[in-house]
Amino acid sequence: MKKYLSMICCLAVLFTAGCGDDDTGGEDGPKGEAKLTAFSFTAESNPDCLVKDYTGTISGTAVSVKVPAGTDVSALVATFETADGESTVTVGGTPQVSGTTANDFSDPVDYLVNLGKKNALYTVTVSELPEAVWTKVTELEMEGGNNILLEIDPTDNKPALAISTKDEGDLLYAKITGSTISPVIAQEKPASQPSFGFSKSGQPYIMYYNSTEKFNRITTFTNNSWKLQDITIDRPLVNTGTGPTICDIDNKIFFFTSNNAASGAIAKRGHNITIFDGSQWYTQQTIPGRSGYTYYPVARVVNDIMYVLMLNPVSPNSFSIYTYKNGTWTTVVDSFAYTTSEEGATPTYYGIGSKCPDMAIDNDKNIYVGLSYKLGIGYRPHVMKFTYNEQTNTYEEGNRLGRAIETTSGDFCKIALSPIGIPYVAYLDSDTEKVMVASLDNKTKDWGTPTSISSDMYTTDFVLKFAKDGTAYLVYGTSDTAINAISHKISLYKLATAE
């Protein structure tokens, strides 16, 4: 009996010892470390201010993280890991949940890691990366003045170009791979005034004007070759009648032009919508209730809503914006380019520049319009913001962001939004004949100092676009003489988010 009791006691001692070695038990508490092992800010947890992940460096109890210049750090959500899954993390006594809890990192923030009786205090400091700069990707030498359009392939975030010569030569398409532009003929001449866009699946469509037929035609890349579509579109207003973008929504492809045919279902200079539903083409479609002259239709799709901007070339000049969702068209904006704002003064309506306007929409449905209006002896680029009111489902007009530049000329104004909603405007400085870009500062809410893209002069067409990864692309053509405006070079630049 004593022998058995002795064995039982030994087993009990061993069992007790085993329990004491367990990291989650014992009088001294867990035996793991109170320690941060990883710290970062991810795009997934911070969709409104980051498009990439930024990983912190941990040195002792100091954590350093660099984010792009201009990032709003007032409510960043941190993603972190600890050495022991049972550790608790607090900031100022507030429990922290990785990937969920936001903090203001304008100043260093102390993270307290606790494991039983063990504590470790980490100080997290957030600073800015160097300002991103515009760098040249590549250039292409060409003969003849060019129409140039830039779009971003939604499947790989890579830029692509549609190019036609103003002397109605061949229509070219070029997907940019690395630093190489390799144009291919999408349609043999005569082709001019292209309109360009991608379907959601990455299929390119190009609409162009055939001066021999006096029609617009459409070509698309399918089954490894460019194929002309069996559709003709009534003669458009050359130079003012074709929008720069083709839209994919509701499993349909939309094309927008301004009609210049003297006869037909649509009045001369009225808008003409062409739709492809995947099997059949429909032309001479219109926006219900829209009438009168139309110049430069611009279309964009954001979050399954299509926005269409059209200039109203009557006196005084104005523009209208429509939305399309689930088959329903709605007029959301009717506005003049600019009026006097003095109380009691008679409104003064400035003329809108004849060059193509531009439009961008953020994820909150706010609309930014880039245009130029005539003030004094010349035109000035201008950006207007129309703020969406979710409660009333209406737009507040007249919230003008002001002139991006001080210049007496500039009948060009391209507007683009970064993925986190920062407006950028590109324009041609009439004094230097160079392409300039300015962005709106998130902190000051004013335009920053304009950047000269390059030393090239005598610029023809140019386009500014953002890819979803945060990289901006700008393409422009340069000519050898201001008088002849014969383009000899196409240049592509990018503004990459700082790494």
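These questions and answers concern a predicted model of one protein chain.

Visitor: How many helices and strands does the protein chain have?
Guide: The model is predicted, and its elements are counted along the protein chain. Strands number 40, and the helix count is 1. The answer is 1 helix and 40 strands.

Visitor: What percentage of the residues of the protein chain count as buried?
Guide: A residue counts as buried when its relative accessible area is under 20%. The protein chain has 499 residues to which this is applied. The share that counts as buried is 50%.

Visitor: Which element gives the most residues to the largest nonpolar core?
Guide: The largest nonpolar core has 30 residues, and among those touching the most other members are Leu 161, Tyr 173 and Phe 196. Elements that give two or more residues to this core include β14 (159–165), β15 (171–177), β18 (192–198) and β39 (472–479). The one that gives the most, with 5 residues, is β15.

Visitor: How many residues are in the other core, which lies apart from the largest one?
Guide: In the largest core, Ile 206 is among the residues that touch the most other members. Leaving out residues up to four places away in sequence, Ile 206 touches Tyr 173, Phe 196, Trp 226 and Ile 246, among others. The other core lies apart and includes Ala 34, Val 63, Val 67 and Leu 129. Its residues number 26.

Visitor: Is Gly 116 buried, partly exposed or exposed?
Guide: Gly 116 is found in the loop between β10 (109–115) and β11 (118–128). Its relative accessible area is 45%, and partly exposed covers the range between 20% and 50%. Gly 116 is therefore partly exposed.

Visitor: What is the distance in space between Gly 116 and Thr 88, C-alpha to C-alpha?
Guide: In sequence, Gly 116 and Thr 88 are 28 residues apart. In space, C-alpha to C-alpha, the distance is 9.2 Å.

Visitor: Which strands stand at the edges of the sheet β26-β27-β28-β29?
Guide: This open sheet has 4 strands in antiparallel pairing. β26 pairs with β27 (residues 305–312) over 6 bridges, and Val 298 has Leu 309 in β27 as its bridge partner. An edge strand has a single partner, so one side of it is left without a neighbour in the sheet. The edge strands are β26 (295–302) and β29 (328–336).

Visitor: By what angle are neighbouring strands of the sheet β22-β23-β24-β25 turned against each other on average?
Guide: This is an open sheet of 4 strands with antiparallel pairing, and β22 (247–249) and β25 (281–285) each pair on one side only. Strand β24 (residues 271–276) is joined to β25 by 3 bridges, and Ile 273 stands opposite Gln 285 in β25. With direction ignored, the average angle between neighbouring strands is 25°.

Visitor: Which residues is Glu 396 in contact with, leaving aside neighbours within four places in sequence?
Guide: Glu 396 is found in strand β33 (residues 394–402). At 44% relative accessibility, Glu 396 counts as partly exposed. Glu 396 and Val 332 are 64 residues apart in sequence, and 9.7 Å apart in space from C-alpha to C-alpha. The contacts of Glu 396 are Lys 385, Phe 386, Thr 387 and Asn 389.

Terms used. Residues numbered from 1 in each chain as written. Predicted model: local features only at pLDDT ≥ 70, side-chain atom pairs only at ≥ 80, totals over all residues. Heavy atoms only, no water. Core = buried A, V, L, I, M, F, W, Y, C linked by side-chain atoms within 4.5 Å. Buried < 20%, exposed > 50% of the residue type's maximum accessible area, 1.4 Å probe, protein only. Contact = heavy atoms within 4.5 Å. Pairing = 2+ DSSP bridges. Axes fitted to C-alpha atoms, helices over the stretch in contact; angles between N-to-C directions.
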